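Here is a short briefing on one protein model. Keep the structure open as you read, and find each residue as it comes up.

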Amino acid sequence: MSRQQPWFVVLIWCFKTTQLLLLIGHGSVVGLSSSPSSGSKPKGALPEDIRRALRSNYNPEKSSIRPLSSPCSSSSSCNSPIRITSLLTPHERERDADSPDEYFYNAPLMVQHNDGLFRDKLSNLYGQMLPQCGGGVFLDLGSSWVSHLPSEPYPSEVWLHGMNEEELDRNKAGTGWKIVRSFNDPNDELNAALLSRDTPNNRVSFPAQSCLLPEIPDDSVDLVGVCAAFQYFRFPERVAGEILRVLKPNGRCVVSFSNRMFSSKAIRAWKSSTSDNERVRYVSNVLQDGAILRRVQNNDEDDDCCEARLVVERTVMEGSTKAALALPLSIMMGRRLVEDPFLAVVVRKQMTTDIEEQQN
């Protein structure tokens with residue numbers, strides 16, 4: 001019996017490891033909480049239609065799918081040309097379950113994607129970034145039925161972008177735009193241009209009215225929030241460009257995430273990162289190097305111009321080491337034993353001019 005015991009231990013270890021990876025990787029019982037209460041326990045697994053959409057071979061009847069709206073240049077409020085730098089290869093943009101986004105998001109999912117402590121920390125960070133006297137405009141990208149805003153200071157306008165109309169309708173914070181749209185359409189002309197670039201660091205210049213959210217005017221938002229969504233953007237450089245366009249000068253964006261995800265919907269560039277630190281670096285690089293906004297004076301490209309870019313102002317990694325140290329015991333127990341790590345990147349829209357750069 002003593003000779004068989006090590007094999008028995010190995011079998012238990014393999015079973016527990018597989019169980020934990022499935023729970024964390026696919027966002028089922030351990031990956032999601034079905035109650036807005038920070039102390040509540042998850043209830044059951046994901047709805048079956050969402051579980052099907054996570055599979056790589058999912059191909060539903062199109063007649064049962066509600067299409068997502070697409071940008072319309074006729075009502076465009078964007079006038080700032082954006083230069084995008086392709087930072088990813090086509091392979092890095094791929095997903096295991098690469099069906100169109102509307103298949104996965106067709107059904108509303110009224111759950112919390114991170115635990116209560118994570119949400120409290122995010123609300124506190126938003127409170128530090130919003131205008132301290134109150135007011136201002138907050139844009140929630142990749143939003144759902146909650147926006148995690150603090151009670152004070154509170155913005156005067158909250159605009160929502162997401163993937164499910166019912167989820168956005170239930171978001172009590174929303175006061176203005178509620179835009180349902182995917183940023184991941186590979187048939188979009190500019191997305192296709194990014195997919196055609198096998199070598200990263202190739203610049204793509206976008207025309208003025210090719211923005212992702214044409215309803216949102218240039219320089220109109222004080223704070224952009226992206227919570228638990230950045231890992232699903234196949235063309236994150238374009239998202240960075242849109243954040244840069246809509247922010248007011250010196251406006252900020254907070255991208256927050258933990259170590260949870262729907263593994264088959266996250267892009268390979270995200271999953272290839274093996275640590276929280278690497279993912280923080282990935283988000284920072286995309287936001288800072290993915291886009292430049294250039295405004296030309298008098299329609300003359302040789303004339304004085306104004307440039308804007310996103311600069312990393314702050315990164316947050318709270319609970320990451322604790323979660324990593326607890327992982328072996330979590331594997332043995334088959335459940336999470338510590339709170340979600342809180343990871344965030346804060347960027348600011350910085351304006352520069354050619355004349356000022358020459359003088360300096």
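Leaving aside neighbours within four places in sequence, Glu 242 is in contact with Cys 211, Leu 212 and Leu 213. Glu 242 lies in helix H7. The model is predicted, and the values below are computed from it.

**Glu 242 in its helix**
- Is Glu 242 buried or exposed? Glu 242 has a relative accessible area of 6%. The cut-off for buried is under 20%, so Glu 242 counts as buried.
- Glu 242 and Leu 293 are 51 residues apart along the chain. Their C-alpha atoms are separated by 9.6 Å.
- How many of the residues of H7 are buried? The count is eleven of eleven, so H7 is mostly covered.
- The buried residues of H7 include charged ones, among them Glu 237, Arg 238, Glu 242 and Arg 245.
- Others on the buried list are Pro 236, Val 239, Ala 240, Gly 241, Ile 243, Leu 244 and Val 246.

**H7 against H9**
- Two packed helices are described by the angle between their axes and the distance between the axes.
- H7 covers residues 236-246, and H9 covers residues 276-289. Their axes come within 8 Å.
- At what angle do the axes of H7 and H9 cross? They cross at roughly 60 degrees.
- Roughly perpendicular starts at 65 degrees, and roughly parallel means under 35 degrees. The angle fits neither class, so H7 and H9 are oblique to each other.
- The crossing of H7 and H9 is right-handed.
- From H7, the residues that meet H9 are Pro 236, Glu 237, Ala 240 and Ile 243. From H9, they are Tyr 282, Val 286 and Leu 287.
- By class, this contact has six nonpolar residues, one charged residue and no polar ones.

**The loop between S2 and S3**
- Strand S2 spans 137-143 and strand S3 spans 157-162. Ser 147 is found in the loop between them.
- Ser 147 has a relative accessible area of 4%, which means that Ser 147 is buried.
- Which side chain makes a polar contact with that of Ser 147? The partner is Asn 171, at 3.0 Å.
- Not counting residues up to four places away in sequence, Ser 147 touches Tyr 126, Phe 138, Asp 140, Leu 160, Asn 171 and Ala 173.
- His 148 is found in the loop between S2 and S3. At 18% relative accessible area, His 148 is buried.
- Pro 153 lies in the loop between S2 and S3. A cis peptide bond joins Glu 152 and Pro 153, with omega about -15 degrees.
- Cys 133 lies in the loop between helix H4 (116-129) and S2. Cys 133 and Pro 153 are 20 residues apart along the chain, yet their C-alpha atoms are separated by 6.7 Å.
- Is Cys 133 buried or exposed? The cut-off for exposed is over 50%. Cys 133 has a relative accessible area of 76%, so Cys 133 is exposed.

**Backbone angles to look for**
- Most residues other than glycine have a negative phi, and most peptide bonds are trans.
- His 148 is not a glycine, but its phi is positive, at about 60 degrees.
- Asp 219 has a positive phi of about 50 degrees, and Asp 219 is not a glycine either.
- Asp 219 lies in the loop between strand S5 (202-206) and strand S6 (221-227). With 26% relative accessibility, Asp 219 counts as partly exposed.

**Pro 341**
- Pro 341 lies in the loop between helix H10 (320-333) and strand S10 (342-353).
- Pro 341 has 0% relative accessibility, so Pro 341 counts as buried.
- Not counting residues up to four places away in sequence, Pro 341 touches Phe 118, Phe 257, Ser 258, Asn 259, Asp 276, Glu 318, Gly 319, Ser 320 and Ala 323.
- Pro 341 and Thr 321 are 20 residues apart in sequence. Their C-alpha atoms are 8.3 Å apart in space.

**The chain as a whole**
- The protein chain has eleven helices and ten strands.
- Buried residues make up 51% of its 360 residues.
- Take the contacts in the chain with a separation of 6 or more. Residues 24 or more positions apart account for 76% of them.

Definitions and conventions:
Residues numbered from 1 in each chain as written. Predicted model: local features only at pLDDT ≥ 70, side-chain atom pairs only at ≥ 80, totals over all residues. Heavy atoms only, no water. Helix = DSSP H or I, 4+ residues; strand = E, 2+ residues; numbered from the N terminus. Buried < 20%, exposed > 50% of the residue type's maximum accessible area, 1.4 Å probe, protein only. Polar contact = N/O pair within 3.5 Å; in protein donor to acceptor, adjacent residues only side chain to side chain. Contact = heavy atoms within 4.5 Å. Axes fitted to C-alpha atoms, helices over the stretch in contact; angles between N-to-C directions. Parallel < 35°, antiparallel > 145°, perpendicular 65-115°, else oblique. Left-handed = near helix turned anticlockwise from the far one by under 90°.
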